[in-house]
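Here's a quick tour of a protein model, written for someone who'd rather look at strands and sulfurs than read a long preamble. Have a look at the fold before going on.

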Amino acid sequence: MSHATLAIYPGTFDPITCGHEDILRRACTLFGKVLLAVAIAHHKKTLFTFEERLAMAQESARQWPQVHVLPYDGLLVEFARQQGARAIVRGLRSESDFDFEARLAGMNAALAPEIETVFLHAGWRWQAVSSTHVREIALLGGDVAQFVPPHVWQRLQHKRASSTQPK
């Protein structure tokens with residue numbers, strides 16, 4: 001793929017983690033432009049609102065000028081076509097991630113053969129980090145500062161404080 005290729009890195013990013021940022025940083029070395037696509041995710045119960053997730057993604061993306069953050073809803077390959085993307089970037093942490101992502105990539109290839117899925121394996125430091133674990137640990141009072149950017153850590157602390165206040 002040429003360095004001018006546009007790639008999409010999609011996700012719910014509830015919240016964005018240092019692992020996500022690592023995949024994004026590495027995608028920037030491979031592609032001329034990367035769209036960090038934040039899923040509206042109507043079907044998921046998220047801790048953060050869509051607007052909060054979008055803001056956190058924008059804050060994280062500021063360090064890479066070739067990254068643009070956009071919301072998306074619906075079928076990812078249709079969004080990728082509309083944006084002119086040639087690749088979808090997916091991060092892998094484990095064998096179970098690969099199994100799920102490989103099946104998803106196969107379906108996407110059947111629907112949009114012109115769009116390639118590129119897998120980037122999580123760096124060793126981030127292999128155990130997931131947004132789900134980060135949310136759960138943070139809400140139970142655990143310190144997840146090492147797993148998320150500082151701006152996300154602040155938001156997680158605020159969520160925890162507001163969830164523990166009497167109603």
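What follows covers the strand pairing, the crossovers and the cysteines.

Keep in mind that this is a predicted model. Let's start with strand β2 (residues 33–39): 6 of its 7 residues are buried, so the rest of the structure largely encloses this strand. On one side of the pairing list, β2 runs parallel to strand β1 (residues 6–11), joined by 6 bridges. β2 also pairs in the parallel sense with strand β3 (residues 67–72), again over 6 bridges. Further along the chain, strand β4 (residues 87–92) and strand β5 (residues 116–121) run parallel too, with 6 bridges between them.

If you want residues to click on, here are some facing pairs:

| Residue | Stands opposite |
|---|---|
| Gly-11 | Val-38 in β2 |
| Leu-36 | Val-69 in β3 |
| Leu-92 | His-121 in β5 |

Now the helices that link these strands. β1, helix α1 (residues 18–30) and β2 form a right-handed β-α-β unit. From β2 the chain crosses through helix α2 (residues 50–61) to β3, and that crossover is right-handed. β4, helix α4 (residues 95–111) and β5 make a right-handed β-α-β unit as well.

How many disulfides does a search of the whole structure find? It comes back with 0. Why is Cys-18 not bonded to Cys-28? Their sulfurs are 16 Å apart, which is too far for a bond, and Cys-28 holds the cysteine sulfur closest to that of Cys-18. Cys-18 is buried, at a relative accessible area of 15%, and Cys-28 counts as buried at 5% relative accessibility.

Definitions and conventions. Residues numbered from 1 in each chain as written. Predicted model: local features only at pLDDT ≥ 70, side-chain atom pairs only at ≥ 80, totals over all residues. Heavy atoms only, no water. Pairing = 2+ DSSP bridges. Helix = DSSP H or I, 4+ residues; strand = E, 2+ residues; numbered from the N terminus. Right-handed = clockwise from strand over helix to strand, strands pointing away. Disulfide = S-S within 2.5 Å. Buried < 20%, exposed > 50% of the residue type's maximum accessible area, 1.4 Å probe, protein only.
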